[in-house]
Amino acid sequence: MKAVVDRIENQTAVLLFEDEGIKVDMPLKLLPAGTREGSFLQVDFTLDREGEAAQREKISNLLDKLKNKQDNK
């Protein structure tokens, strides 16, 4: 998927995604160095299954600790 930087306002880039007609505001610091108005960006989102599983386990452990804490009252 590709996006073009339409404009930059207050360190925020306004990205326009081709064909989809979607506008997204993105902090400039999250974009590649040298990004400017008119820059074309290749955008790729991928699922991080391992990261998701680790986060779910972390949340589950926190919930278990909270439940054990409440049970001990």
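**Hairpins, pairings and salt bridges: a friendly note**

1. A good place to start is the hairpin of β2 and β3: it has 4 residues between the strands, and D19 there takes a positive phi near 65°. Strands (E, at least two residues) and helices (H or I, at least four) are DSSP runs, numbered from the N terminus, and two strands pair if DSSP finds at least two bridges between them. The model is predicted, so to speak of local features a pLDDT of at least 70 is needed, and side-chain atom pairs count only at pLDDT 80 or more, while totals for chains, interfaces and linings use all residues. Residues are numbered from 1 along each chain as its sequence is written, and side-chain values use heavy atoms, with hydrogens and water left out.

2. Now step to the hairpin of β1 and β2, which has 2 residues between the strands. N10 lies in this loop, with β1 covering 2–9 and β2 covering 12–17. The phi of N10 is near 50°, a positive value in a residue that is not glycine. Is N10 buried or exposed? N10 counts as exposed because its relative accessibility is 77%, where exposed means over 50% relative accessible area, buried under 20%, and partly exposed in between (1.4 Å probe, protein chains only).

3. Q11 sits in the loop between β1 and β2 too. Its phi is near 65°, again positive in a residue other than glycine. With a relative accessibility of 58%, Q11 counts as exposed.

4. How do β1 and β2 run relative to each other? The two strands are antiparallel and are joined by 6 bridges. You can follow this pairing at E9, whose bridge partner in β2 is T12, and at R7, which stands opposite V14 in β2.

5. V14 also carries the picture onward, since its other partner to look at is D25, which it faces in β3. (β2 and β3 run antiparallel, with 6 bridges joining them.) D25 belongs to strand β3, residues 22–27. Leaving aside residues up to four places away in sequence, D25 touches T12, A13 and V14, a contact being heavy atoms within 4.5 Å. Looking further along the chain, D25 and L62 are 37 residues apart, and their C-alpha atoms are separated by 33 Å.

6. β1 has a pairing with β4 as well, in the antiparallel sense and over 3 bridges. Here V4 has F40 in β4 as its bridge partner. Just before that strand, S39 lies in the loop between β3 and β4 (40–42). S39 is buried, because its relative accessible area is 16%.

7. What does S39 touch, not counting residues up to four places away in sequence? The residues are A3, V4, V5 and G34. The side chain of S39 also reaches the backbone oxygen of R36 at 2.9 Å. That is a polar contact: a pair of N or O atoms within 3.5 Å, where within protein one must be able to donate a hydrogen and the other to accept it, and residues adjacent in sequence count only if both atoms are side-chain atoms.

8. How many salt bridges are there? The count comes to 3, a salt bridge being a side-chain nitrogen of Lys or Arg within 4 Å of a carboxyl oxygen of Asp or Glu. Side chains of opposite charge can pair when their charged atoms come close.

9. R7 is a good residue to zoom in on. Its side chain meets that of D6 in a salt bridge, at 2.4 Å from N to O. R7 forms a salt bridge with E9 as well, the closest N and O atoms being 2.9 Å apart. D6, R7 and E9 are thus linked in a network of salt bridges. As for accessibility, D6 counts as partly exposed at 36%, R7 is partly exposed with 29%, and E9 counts as partly exposed at 42%.

10. Finally, visit the helix. R56 and E52 both lie in α1 (residues 49–71), 4 residues apart, about one turn of the helix. They form a salt bridge, and the closest N and O atoms are 3.0 Å apart. Which of the two words, exposed or partly exposed, fits R56? R56 counts as exposed, at 57% relative accessibility, whereas E52 is partly exposed, with a relative accessible area of 34%.
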